[in-house]
Amino acid sequence: MVEIDTILIKVASQCNINCSYCYVYNMGDDSWADMPNFISQETIESITKELADLKSAQQHPFAIVLHGGEPLLLGSRRLEFLLHSIRTAIPDSYCISIQTNGMLISGKILNLCSKYKTSISVSLDGPESIHNANRVGRKGERTYSRVIEGINKLKSHPDASFLFAGLLAVIDPTSSPHTIYNFFKDLGAPNVDFLYRDGNHDKLPFGKASFQSTEYGTWLAELLDVYLADQNPIKIRILDDIVRLALGGIGIKEGVGVTDFGIAVIDTDGSVTKNDTLKSSYKGADRFLAPWNIHTHRLIDIFSSREFADSHKLQRPTSLICQTCPELQICGGGMPLHRWKSGSQYDNPSVYCNDQLLIINKVKSILCGIQQCT
Ligand code: SF4
């Protein structure tokens, strides 16, 4: 059986905003429209039973991430039922987190999260002009002020040190890494997880001129300079992971390194899918051939199947270029969605290959300098 690290549960298929780069709504896969708006009580009960069985079947604890759409659209009553149900299946030592756009954070929601030991990660791309450039409402309304309002409520809660898991920020390579870093630091974010923009060899990510160009790698390298110059830095997951990997350790999240993370996604109708970021490759890319659904199939059977194992293996790059790359152990070939190209499918290096090489080489040269000094 594939050992599971994270189960991502889609609790709402709708979102209250419409980010221009969203892979769920704006990358050509409209399958969300066929899904129930919200996860039902019956689906929650089936998931709860399956989570309890999975906990018994595997020693290794797994994390639960509540996702959407926008998960807080669920409202406090349904959210309490969901959290109470999950917590009856898995103990407090298993992480539960919510990935939210932050617009609907309220005192009531925070108290529920505190009660059921559930942390919150907020999506925020940076200062007002950067954030509002893409993270907009359905009519193009700006969302920054309401997100900051939500973050301030989160920071003011008595359990904020546990509740505030961090921020998720999509990189704008045209922005100043110095400005972005200082903004997040001043905001009091405990950590920031910077993400590359979705894109692939057919549809280059925003700001990337070509496969050879290094706009994102250059941006990360500048961010690293700011990060290293800070005596009291906030955590930057991607940079920490690359440093750890360059020193022979392991990363903590997919996208760098060669650790295979066991990830499963359950949609609002109970269907079990692949990593949903694959939606950006082509319509239906995140769907298994098998019609797996939490109402009719056992999770432990799904995770023991050949098809699930094959999908899990997709994290490892198949491209000969990657397999013979001297930086494979650090880079890992990037995220599968970034390898996509019509024809050769995922059998390519990441579209961010040259960006990865640039930041990896920068980290290595800094480490090399430190080691020579000591
Ligand atoms: S994507 Fe590029 S840097 Fe990464 S492993 Fe493949 S060839 Fe190496």
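The lining of the largest cavity in this predicted model is made up, by class, of eight nonpolar, five polar and two charged residues. The space inside this largest cavity comes to about 180 Å³, and of the 15 residues that line it, those closest to its centre are Ile 263, Asn 275, Ser 311, His 312 and Gln 315. Among the elements of the structure, helix α11, which covers residues 306–313, gives the most to this lining, contributing three residues.

It is worth turning next to helix α11 itself. Within α11, the residues Phe 308, Ser 311 and His 312 are buried. Seen down the axis of α11, these buried residues fall within an arc of 105°, and therefore they line one face of the helix. On the other side of α11, by contrast, Arg 306 and Lys 313 are exposed. The cover over the buried residues of α11 includes β8, at residues 263–266, and α10, at residues 299–303.

The search for enclosed space was not limited to this one region, for across the whole structure it finds five cavities of 30 Å³ or more. The second largest cavity holds about 110 Å³ of space and is lined by 17 residues, of which Gly 255, Gly 257, Gln 315, Gly 332 and Gly 334 lie nearest its centre. When the lining of this second largest cavity is divided by class, seven of its residues are nonpolar, six are polar and four are charged. Gln 315 deserves a second look, since this residue is named among those closest to the centre of the largest cavity and also among those nearest the centre of the second largest cavity.

Conventions: Residues numbered from 1 in each chain as written. Predicted model: local features only at pLDDT ≥ 70, side-chain atom pairs only at ≥ 80, totals over all residues. Heavy atoms only, no water. 1 Å grid on protein atoms, 1.4 Å probe; cavity = no way out; pocket = protein on both sides within 12 Å on 5 of 7 lines; lining within 4 Å. Points joined across faces, edges and corners; volume = space filled by probe spheres on them. Helix = DSSP H or I, 4+ residues; strand = E, 2+ residues; numbered from the N terminus. Nonpolar A, V, L, I, M, F, W, Y, C, P; charged D, E, K, R; others polar. Buried < 20%, exposed > 50% of the residue type's maximum accessible area, 1.4 Å probe, protein only. Arc of directions from axis to C-beta. Contact = heavy atoms within 4.5 Å.
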